[in-house]
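Here's a quick tour of how the chains fit together and what goes on inside them. Have the viewer open and follow along.

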There are 4 protein chains.
Amino acid sequence: MQLGMVGLGRMGGNMARRLLRGGHQVVGWDRAPAAARALEAAGGSAAATLEALVAALAPPRAVWLMVPAGAATEEATLALRGLLSPGDAVVDGGNTFFKDDVRRARLLAERGIRHLDAGTSGGVFGLERGYCLMVGGDRDAFERLEPALRTLAPGRAAAPPTAARAAGGTAEEGYLHCGPHGAGHFVKMVHNGIEYGLMQAYAEGFEVLRGAAQEGLAAEHRYALDLREIAELWRRGSVVTSWLLDLTAAALAQDPGLEGFTGAVDDSGEGRWTVEAAVEEAIPAPVLSAALFARFRSRQAGTFGEKLLSAMRRQFGGHAEAKPGGGAP
Amino acid sequence: MQLGMVGLGRMGGNMARRLLRGGHQVVGWDRAPAAARALEAAGGSAAATLEALVAALAPPRAVWLMVPAGAATEEATLALRGLLSPGDAVVDGGNTFFKDDVRRARLLAERGIRHLDAGTSGGVFGLERGYCLMVGGDRDAFERLEPALRTLAPGRAAAPPTAARAAGGTAEEGYLHCGPHGAGHFVKMVHNGIEYGLMQAYAEGFEVLRGAAQEGLAAEHRYALDLREIAELWRRGSVVTSWLLDLTAAALAQDPGLEGFTGAVDDSGEGRWTVEAAVEEAIPAPVLSAALFARFRSRQAGTFGEKLLSAMRRQFGGHAEAKPGGGAP
Amino acid sequence: MQLGMVGLGRMGGNMARRLLRGGHQVVGWDRAPAAARALEAAGGSAAATLEALVAALAPPRAVWLMVPAGAATEEATLALRGLLSPGDAVVDGGNTFFKDDVRRARLLAERGIRHLDAGTSGGVFGLERGYCLMVGGDRDAFERLEPALRTLAPGRAAAPPTAARAAGGTAEEGYLHCGPHGAGHFVKMVHNGIEYGLMQAYAEGFEVLRGAAQEGLAAEHRYALDLREIAELWRRGSVVTSWLLDLTAAALAQDPGLEGFTGAVDDSGEGRWTVEAAVEEAIPAPVLSAALFARFRSRQAGTFGEKLLSAMRRQFGGHAEAKPGGGAP
Amino acid sequence: MQLGMVGLGRMGGNMARRLLRGGHQVVGWDRAPAAARALEAAGGSAAATLEALVAALAPPRAVWLMVPAGAATEEATLALRGLLSPGDAVVDGGNTFFKDDVRRARLLAERGIRHLDAGTSGGVFGLERGYCLMVGGDRDAFERLEPALRTLAPGRAAAPPTAARAAGGTAEEGYLHCGPHGAGHFVKMVHNGIEYGLMQAYAEGFEVLRGAAQEGLAAEHRYALDLREIAELWRRGSVVTSWLLDLTAAALAQDPGLEGFTGAVDDSGEGRWTVEAAVEEAIPAPVLSAALFARFRSRQAGTFGEKLLSAMRRQFGGHAEAKPGGGAP
């Protein structure tokens, strides 16, 4: 089928390529000329403007947005609201807050334009591995887009069948209509929240393994463990096998001491919104929040709160501060 | 090679079977006659007593203990200390505390007997999938046992090669000599600590997904999500793919509302010891500890601490208690 | 001075009484006739309607709202917007979300009406102990209201002077203009967030003390501690002395086993908003969030997340569930 | 009464002074000659050696140890075991691990020597404010020592009576026999665990208050709050009044930006042991553990675990690391 792709960066560019390989037609647009040229080299056509992109598509059109959540997505959606026709569809493939989907879908619906929110997981590996697509919004648009979704998704063969599961449904292909407007991004949001938790679990575990070599521990219980080999080991037959563990093994194979990193870890909105959703639902989420807070802390040095702890200790006990890097008695 | 197997339950019985299939000889012993009969049916030989098991093995012997950590392992180790000869080896395949390994290895070494601590992951799937083996202790014994370890382990084909990794080493087979006495169980302990964290991350995430259908949320942001389909979906192409997610999908396929469960979740020593190791190493482990505490809490109803919160609220605000299951304003 | 009080419940009624004792005039209104009668008995006058309350006050008027945050406060504010005159002031003494203050202050400002958000701490003890008042909003209105604020507040004598502090400022009286609209409720919100954290710290500590009597612990390290006496003990000279500890001691004196409580603990908005504010500010708040989550959990039995943990454990290990109340090996 | 004091540092020296002021006789010993001179100046007598100290006391003797927990206390206890006579008593006033008390009490009992473990709270303020004393061990020795304990403790007047409490008991004086050997230090351990939790609750709350001035927040919800005034304000009439809040107000009065601190916060054994005790008792302690972990983290820069998070993010998303101090999109 024919698809417009707005945003041809790391994600959008690769998705366009995967669609082209799957026999679809892609008309792309990106502010960066190099990205447009790359699309043409891959067999797509590049439009000079958003208007030209719309003009190049035959109705009912489908325009996939792969631009940063927030202002860029808002702007593109509003522009398309003015350019598209009733029956056309906008697909937001970014990491949009699900309440924004609901609002934008309403704005588009006023013009008879469909909206899909398509949470997209896969990262730089998606081109080869396929993208996991969590979709919410207008079901007729979802059904019309299924040929493209099926191409983007990893396909049934990407995982062995699940025991006791009655075969069938698109989830087995790697894409799913999750519910009404916002449902796709809601599911993607929680996906990322879980991702933070999983990552933090490995991070803490490997740090405990590494810490076993610490001076100060009794010699007979001190271990200089080879984390690279342990990550590799766990990839086979253990309970903790996962794709993130595969990546951990790869990262440790490249740089066993992770000396190329400072440890300042960014977070994107989904981790925050997942904690907020948990709070709104009155659901305890100690692991998901701890994982988020670890990232907040990782970007700071000597927080005000920690200084206050030191200040209180000096007040009541006359205690000097610890030395950074120092241990405890 | 020839191996003695003490304990022929769910783990030991299956491991014996996998060894037999791999062409090894297994002499087994278990208090339960049915387990002994099952071993014979699978082609092994069953000894009537531990003494008989030792007598049936040719030196240098290797006896694998697959009995509960704690008293049962202690007792079996001390008995073998009296029965084995210099050069023989005891392999503790259970979930023993690593400091106990160090102590027992010393006791055995006094008689010239080798000790290996072999953290074993794989559960009921191990028979077919293979066991991930994290081994510590006497390296000569490890090397002598490699034929058996290689059979028990999943083998290289169980996972694709790791990018940027120089090929080689037994970790790629699924077994590894991790270090001196206790190192194997230390690595297994942290493995299980991570496992708790991963499980809790999924548990919280799925609970947030389910909570999105809650009354009280604004209708336009309320979603009745199909968790079974979402678990299946995430198995393909997403960042959170893992073996635990495969099991989650299977569990939800069998019982989508998990109505067969009360939610009282046991914990075994490893999760606790991992938190203690983190504390001993002065390493923050918020996720691993939160996962452990969630299990502690799951087995209680109305803890004393929570009653104290209610009591304080009544004191300062005259507040009545919430209704169980009730929400908040 | 003269003040209107809307809402004469536990908080509003006592505040009116304290104002009357301080020589102020109070015109009150409440839907409940009994509350109105009680005000009259205490020397105030009760209006039959909100309109009558406004009519009974001389301009520039000050009307203090002491009604539940949310719909009731919104409704009263909008009604007063229609009834009051330029130069009059509305004081919101409830636990309003600070962003609502900003919005409502703007609505009132359109009519020249002032708005103060007055976070009020003190609970049922406030009548005698005084109320801690955290105020945001129009400074001219704050200054006009200071006579009333000073009466409501505990006063300088309520705490010994702070070392190294240059004397002066209203904080020493127990009331403070914290900043522009919303600042008072923002400070109150964080106050309550801290309160949750403090309460949970005591709750956990007392639970650990109580748990020391547990069967299963080694006899020589098992202690049947008298929590009532320990709470009393800590009130003198220890680092953990606090008003909440005083209340804990009182609660334990009344009911040492807290058998009158189920442990289902409510939460109000401030605890949630504090966590959300921390997330918005990218500030790690592990304690404040853990305290909130403990309350969420306290109102549930066997959460879905916990059932999922059990389901995973059955999948990979064939493990049966724990018995509620049961421990672990 | 007559008392030996071993260790005349910040704690021991002040305690000796308070005992002397109370009319007791103190014979002290310290390795540091200056500390010995200070004791003499305060009216005590200083022994040149531990042997001389013992010789200077009339049986039945009482020797109070106020030396660091661990090796110093072990050494002093063993030395006194050789020097004291049946009926004499050793009081360990340090922060000893309660299981060490049990062991040491047994060693002393072999010689007929009594042992008390006296958890001591009060810090540098204890001299004037009195010490809160949590005592375990031989009850006859406790009773014999009560005159000294009563002098050291703050006394009944230090806090108002507790409502609904039947008057009586030494807890109202500020000292208590908590139970058998180790019970005093167990209670002190949990006291310190709670202390960590309380401190962290304030630390997080004040950091959220400070963070409200952050750029990036909407101007209408951004507040430049005066933390010094807010700490002072909360000291009167609020739910969060406490001694730690008094100290916070003092610290902020001295240094409002806490610029004299780096924020590297030490921890001592009790916080760790409390978490371990909670784990041993299977009691969830999310707040107490989070408070401990915050201290661990405060002493590090860029932990290995955080580097691993960065490494995974680069693997799956090609993400660059955050800038330290940087926020998130």
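## Chains A and B

In this predicted model, 100% of the interface residues of chain B are interface residues in chain A as well, so the two copies meet through the same surface. To lay chain B on chain A, rotate by 180° with 0.0 Å of shift along the axis; the RMSD comes out at 0.1 Å. Want to find that axis on screen? Go to B:Ser242, whose C-alpha is the nearest to it in chain B, 1.9 Å away.

## Chains A and C

Now for the pairing of A with C. A rotation of 180°, with 0.0 Å of shift along its axis, puts chain A on top of chain C at an RMSD of 0.1 Å. That makes it the relation of a two-fold axis. The residue of chain A that comes closest to this axis is A:Glu276, with its C-alpha at 3.1 Å. Here too the copies meet through the same surface, because 100% of the interface residues of chain A are also interface residues in chain C.

What does the contact look like in numbers? On the chain A side 19 residues take part, touching 19 residues of chain C. Between them the two chains bury about 1500 Å², and 78% of that is on carbon and sulfur atoms. Three residues, A:Val279, A:Pro284 and A:Phe293, supply 39% of the area chain A buries against chain C, more than any other three.

## The nonpolar core and Trp234

Which residues have the most contacts inside the largest nonpolar core? They are A:Trp234, B:Trp234, C:Trp234 and D:Trp234, in a core of 252 residues.

Take D:Trp234 as the one to click on. Beyond its neighbours within four places in sequence, D:Trp234 is in contact with residues of chain C, including C:Cys132, C:Met134, C:His191 and C:Ile194. Its contacts in chain D include D:Phe206, D:Leu209, D:Val240 and D:Leu245.

## A buried glutamine

C:Gln200 belongs to helix α8 of chain C, which spans residues 183-211. Is C:Gln200 buried or exposed? Its relative accessibility is 7%, so C:Gln200 counts as buried. Setting aside neighbours within four places in sequence, C:Gln200 is in contact with B:Leu309, with C:Ala291 and C:Ala294, and with D:Pro286 and D:Val287.

## Strand β6 of chain B

Strand β6 of chain B (residues 114-121) is largely enclosed by the rest of the structure, because seven of its eight residues are buried. The route into this strand from β5(B) goes through helix α5 of chain B (residues 98-109), and this β-α-β crossover is right-handed.

As for its partners, strand β5 of chain B (residues 89-92) runs parallel to β6(B) and is joined to it by four bridges. One of the bridge pairs there is B:Ala89 with B:Arg114. Strand β7 of chain B (residues 132-137) runs antiparallel to β6(B), with six bridges joining the two. In that pairing, B:Leu116 has B:Gly137 as its bridge partner.

## The sheet in chain D

Chain D has an open sheet of eight strands in the order β3-β2-β1-β4-β5-β6-β7-β8, with mixed pairing. Its edge strands, each pairing on one side only, are β3 (45-46) and β8 (175-179).

At the β3 edge, strand β2 of chain D (residues 25-29) pairs with β3(D) in the parallel sense over two bridges. To spot the pairing, look for D:Val27, which stands opposite D:Ser45.

Notes: Residues are numbered from 1 along each chain as its sequence is written. Chains are lettered from A and ligands numbered from 1 in the order in which they are written. This is a predicted model: local features need pLDDT of at least 70, side-chain atom pairs count only at pLDDT 80 or more; totals for chains, interfaces and linings use all residues. Side-chain values use heavy atoms; hydrogens and water are left out. Copies are superposed by least squares on the C-alpha atoms of residues with pLDDT of at least 70 in both. Contact means heavy atoms within 4.5 Å. Buried means under 20% relative accessible area, exposed over 50%, partly exposed in between (1.4 Å probe, protein chains only). A nonpolar core is a set of buried Ala, Val, Leu, Ile, Met, Phe, Trp, Tyr and Cys residues joined through side-chain atoms within 4.5 Å. Two strands pair if DSSP finds at least two bridges between them. A crossover is right-handed if, with the strands pointing away from the viewer, the path from the first strand over the helix to the second runs clockwise. Buried area is the accessible area (1.4 Å probe) that two parts lose on being put together, summed over both.
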